Amino acid sequence: MKSINLSVKNYFVVSLTIIALQFFFSCCDNKNISSNTWTKDRANAWYAEQPWLAGCNFQPSTAINQVEMWAAETFDTATINKELGWAEELGFNVMRVYLSSEVWKVDSEGFKERIDEYLTISSKHDIKTMFVFFDDCWNDETVVGKQPDPLPGVHNSGWVKDPANSLRKDTISLYPVLERYVKDILTAFKDDDRILLWDLYNEPHWISSLPLLKNVFKWAREANPSQPLSAGVWHSGQQELNEFQIANSDVITYHNYSDPMNHQLWIELLKTHGRPMICTEYMARRNNSYFQNVMPILKNNNVGAINWGFVSGKTNTIFAWDEPKPDQKEPELWFHDIYRQDKTPFDYKEIEVIKQLTGKLPEAK
């Protein structure tokens, strides 16, 4: 969700960036690999069967976080159907969607029923889904029940880590619960062709996250879904985490919110691992990461393109991570997101570019 900004300004910085990224991303392909990690041939054959993947991280505009999206009392199928219809019109064919272990703990069967209902809606719009299990971003505590109202002008003021920080202190109690959660969801949907890929852990932030990262891959491999597994690299300063993620992902996923030159560098270096690649977070306008200048790079390199944000709503991600604007209804330059809730876009030119790249409009010559 928040990628380090590695803007490249001149040749000297480019050179340093190449050296740094080579060091952090050039892991040994045989290190820490599970015995049933997909071979490169299998992963590339799977990817060759997919269309060029384009979409966004999807959170309905009426939900402030994962809990509010999935809880029975706030699961908003009308908004989900409407907004996925808009995504279909853009030519989007994949959405990345966060799950919630807290919702599962209080209502596992109902949660799975709502996942199935979501997938029924998404497939009606010819959209596949990439589900995310765990997350190290934003607020420390995750609770069920009524979620807080958005803080005006504050990016993701209600987004929650999963699992909650307080629960992580007792892994002896926590891990068996999380194992049941992961295996329950994977077993229920392991052969569901409406699901593109399982994204096991969003942006593990600290070396202390490595045990959970290793365990979620272990649990997922034991469940043995037919869909590929991944956990996206996002920060060049997390060498041990990056090594494990790249070595154990069937498909390499990554986040990059930087400018086109930096993004191309990441592509070139990650490409050396010989696996399919999907960028699962990009597009932060303030950082010179736009649809117009990054999405074409992704398509030209056959890298999947999943931006952050779709319809501006309770998450407030039109505001930048580190620039709260409590006195503004919306900033002059949106950080993320594409549409307002009445379907007017932030920038009509972006809509045209997206549709051209997804084949909904003829590409400009």
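Four short exercises with worked solutions follow.

This is a predicted model, in which local features need pLDDT of at least 70, side-chain atom pairs count only at pLDDT 80 or more, and totals for chains, interfaces and linings use all residues. Residues are numbered from 1 along each chain as its sequence is written, and side-chain values use heavy atoms, with hydrogens and water left out.

**Exercise 1. Place Ser101 and list its contacts outside the local sequence.**

Start with the element. Ser101 belongs to helix 5, residues 101-106. Helices are DSSP runs of H or I with at least four residues; strands are runs of E with at least two; both are numbered from the N terminus. Next, take accessibility. Ser101 is buried, at a relative accessible area of 1%. Buried means under 20% relative accessible area, exposed over 50%, and partly exposed in between (1.4 Å probe, protein chains only). Finally, set aside neighbours within four places in sequence: Ser101 is in contact with Asp162, Leu178 and Tyr181. Contact means heavy atoms within 4.5 Å.

**Exercise 2. Describe the peptide bond from Asp162 to Pro163.**

Read omega. It is near 5°, and the bond is cis. Then locate Pro163: the loop between strand 3 (128-135) and helix 7 (171-189). For context, most peptide bonds are trans, and most residues other than glycine have a negative phi.

**Exercise 3. Is Glu203 buried or exposed, and where does Asn288 lie?**

Take Glu203. Its phi is positive, about 45°, although it is not a glycine. Glu203 sits in the loop between strand 4 (195-202) and helix 8 (210-223). Its relative accessible area is 0%, so Glu203 is buried.

Now Asn288. Its phi is also positive, near 65°. Asn288 lies in the loop between strand 7 (277-281) and helix 11 (291-300). Its relative accessibility is 37%, so Asn288 counts as partly exposed.

**Exercise 4. Classify the ring pair of Tyr98 and Trp308.**

Begin with the total: the structure holds 28 aromatic pairs. Rings of Phe, Tyr and Trp (its six-membered ring) pair if their centres lie within 6.5 Å; planes under 30 degrees apart are stacked, over 60 edge-to-face, and the rest tilted. The centres of Tyr98 and Trp308 are 6.0 Å apart and the planes are at 65°, so this pair is edge-to-face. The pair links distant parts of the chain, 210 residues apart: Tyr98 in strand 2 (residues 94-98) and Trp308 in strand 8 (residues 304-308). Tyr98 is buried at 2% relative accessibility, and Trp308 is buried at 7%.
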